[in-house]
Amino acid sequence: MTTALRIAREEWRLWARSRVVLVAALILAVLLAATSAITAGRVTEEAAKRTARQASAEATFFAQPDRHPHRMVHYGHYAFRAPPPLAAFDPGVDAVTGQSIFLEGHRQNTAMFADTRSGADLGGFAALNPANIYQLLLPLLLIIIGHGVVLRERESGTLAVMLAQGQSGLAIAGGKALALAGVAGLFLLPVAALAGFSVASGEAPLAAIMLVASYALYLAVWAALVLAVSLLVRQRSVALGLLVFAWLLIALIVPRLGINAGSAAVDAPGKIESDLVMLAEQRKLGDGHNAADPAFDALQKQVLERYEAASVEELPINWRGVVAGYSEAKLTDLMNDYAENRMRREAEQSRIVTWFGLASPTLAVGAASRTLAGTDLATHHRFLRESEALRFDFVQGLNDLHATKLTYADDAKRSSDPEAEARTRVNAAAWRLLDTFRFTPDPAAERLARALLPLAMMLGWLAALAGVITVGARRLKP
Amino acid sequence: MSVLLREARFLARDRGAVLWIALAFLLSVAATGFGIAEVREQRATIAELLIEDAKDRANAIGQHEAWGDAAYVAFHLTYAPPSDFAFAALGQRDTAPWLHRVRMLSLESQIHEADTKNADFGLIGRFDFAFLAAAIAPLLLILLLHDLRAAERVAGRHDLLVATAGKPSRLWLPRAALRFAGLAMALLLPFWVGAALEGAALTKVAAGSALVLGGLAIWWLIIEAAGRIQATPPVLLAALVGIWLALALLGPAIARAAIEAQTPVPDGAEILMLQREAVNDAWDLPKEATMRPFLAAHPEWQSLGQVTKPFEWKWYYAFQFVGDQKAAPVVQAYRGGRIARDRAAGMAAVLSPTSLVERGFERLAQTDTAAMIAYEDAVRAYHAELRAFHYPMLFRDPPYDPAVFAGLPDYTPPQ
């Protein structure tokens, strides 16, 4: 072990004296520190802003005047997706999906006003955040400083001396691995700091620790790849060329090809497309605004029987409100079927993309990182489901008021008789039925369970590369 | 000629170089193929939806017997079809909506509906030809050209070669030119085949090819300048990758952050809040409060603008319009902010060959911000036509006759 440490210490001393290494490491460190500070600041501000907006939307809803309850159904409400604490490290899909949804009766709206829609378009990867830097740039740094760890000794002839002194190839490889691990460990400090910051702002320690562990694993995979190439290739320029090529493939090409493949393999209709198909079906359900719609005949018979009334006018409840509640429930079932189908297909696409992680640890660490941070597609889907539940609750609460607090006679006349119209207004105190909504991602254990597949993929890479290194080190010759 | 033949023989024996060029070819085939598959799917979606849309509208109108009801239930499909060049650069089509179904209600509550696809797509991005040409191809060129001189230097032949060649350019130029041409052809051939399959306009294909060649030429100059430094191939390669990072990744990212900080756009959610407050308050306000601003914008309906009953359709659609009117200043600021940001991005792109090539492709493909805004403008224009069509029926209230709806305006996509 002391041999390994001595070899590693020698390597560190050498790097510390190399201007290329120092400049590259310094630039990256500054970049990482700056982006971390900026992203953390932006996300914290954004979280506070959205939480405040959520509270103000609730206050506005409560402050509405006396109204017909159906007006409140259309007045609607907003749900905001506040970014979780770890979004300070990996904002994930936040920029792409839009952060708020308008909730109203009879409709499931989409999350609107994504940042990307108003962003300055400078092409491919013009958004920098700490997660991106870890995923794309740190491997390059490891390549630049590490491709010569063994080759350097070979080229200068010291490898022969070391082997002749009786050092085993394994001990040499171990020392070099330790040297690279030291650099990787140093560069884990920013993510560890951000993880600590997130725990301070309420994140579960498990998620934060696992996030740091994912990136430790990711950097270990790259360090192993660099070491393996340096061990097996005999020319420095070939080694560097190969490693840059591997980076190009793993970090830039395979993830995007995975997206192409996912999009080509599973056809996930957009919302407007599936809404159109749904609307045709919906028309068969009847129009909830029109209590005379023949689609409600069966319901009418059933309700009349239950209250032993001969006509809707004799009912103790407002038939129009009953129809509104009934059709909202039916419609919501239908909308949820379509929404679930859409989300399922999107999840299928993303699963295909995740399997490309077998060929690209960058893709795997990205999936693990977003999942652990609570900024992945599945968390967005969770937001959509929760905001839908919120929507359904308050709409049905209002429909309930519509059925029980208004008389049918007044309700039917309200379009032509101003006095009847005045009597159909419900006291504003009733608007308190709206639930408060604060979005939080899944519990840390569930997020971790979802991240296990990509983490296992990276472990597989590491194991395979460790095998290659062991074999290569055993056969190490000058 | 014999010089080129000799260099071609060298190139054929250089396994590394052949590998990079073959890889470029395969990637170009993949990017073009996936691009064509995607735009064809989008076109098929639009064609299918156009049929469904007409059917649904006829069905919806058929179930009602009042002008106001029919206008309420009739949706109209609007869309921006992918251009003949869109296969090469999907651009904003992955994040901005290109399909809507609008009706007579307040447009601001409909036009911001985001029909985005899988969020992961927008996040990671597609591998389209524009990305290949703008970001990946320069790296391949770096791998191909960085060690031309340095490799000979390492092999100890450099000075001898230069001395026998007479002029150094006679030695290096054909060697580099051949590799450059090989890479360019590997990229462009699949692209040309794809363009022929898609029937893309020749001028666009020529402009796209020029962009690829121009972008690569800039990188060639950069590599050439760096290659004169007396350094070993690994150091050169590391330096060139650093330059690539700065120009392709860091520069655009910093420019983007700076532009967005300097040119703020209003929070889009504000548009929706304003519109919604205006529309919902209208129910409780005196009818004149709605009709006055509406009639000021539509003086032709002045004589028929009295609302006497608690509910009349003309008043209902008037406050939908007034809701849009209230939000108009923020909408204008949002639109203006996006255009200003795009213009600033266009200027900043001059600093980065990667951004320049990618933006150039998006412009040719009509998948840039300007094209997306043009689509939104087309939807706005169509909504105005729709209102102009319905207002006479709502205000004059002639006997209901569904045959009138045969004259509904047709949507024409932007060109």
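In the predicted model, 51% of the 478 residues of chain A count as buried. The secondary structure of chain A consists of 20 helices and three strands. With a radius of gyration of 30 Å, chain A lies well over the 23 Å that the globule rule gives for 478 residues, and it is therefore more spread out than a compact globule. Along the principal axes, the C-alpha atoms of chain A occupy a box of roughly 105 × 40 × 40 Å. When contacts between residues at least 6 apart in sequence are considered, 84% of those in chain A join residues at least 24 apart.

The interface between the two chains was examined next. In chain A, 71 residues are in contact with 82 residues of chain B. Helix α12 of chain A, which spans residues 236-265, provides the largest share of the side of chain A that touches chain B, namely 16 residues. By residue class, this side of chain A comprises 37 nonpolar, 23 polar and 11 charged residues.

A single position in chain B was also considered. Pro402(B) is located in the segment that follows α16 (369-396) of chain B. Inside 10 Å, Pro402(B) has 13 C-beta neighbours; because a residue is exposed at 12 or fewer and buried at 20 or more, Pro402(B) counts as partly exposed. When residues up to four places away in sequence are not counted, Pro402(B) touches Ile61(B) and Gly62(B). Gln262(B) is 140 residues from Pro402(B) along the chain, and the C-alpha atoms of these two residues are separated by 53 Å.

How values were computed:
Residues are numbered from 1 along each chain as its sequence is written. Chains are lettered from A and ligands numbered from 1 in the order in which they are written. This is a predicted model: local features need pLDDT of at least 70, side-chain atom pairs count only at pLDDT 80 or more; totals for chains, interfaces and linings use all residues. Helices (H or I, at least four residues) and strands (E, at least two) are DSSP runs, numbered from the N terminus. The radius of gyration is taken over C-alpha atoms; the globule rule is 2.2 Å times the number of residues to the power 0.38. Two residues are in contact if their C-beta atoms, placed from the backbone, lie within 7 Å. Ala, Val, Leu, Ile, Met, Phe, Trp, Tyr, Cys and Pro count as nonpolar, Asp, Glu, Lys and Arg as charged, and the others, Gly among them, as polar.
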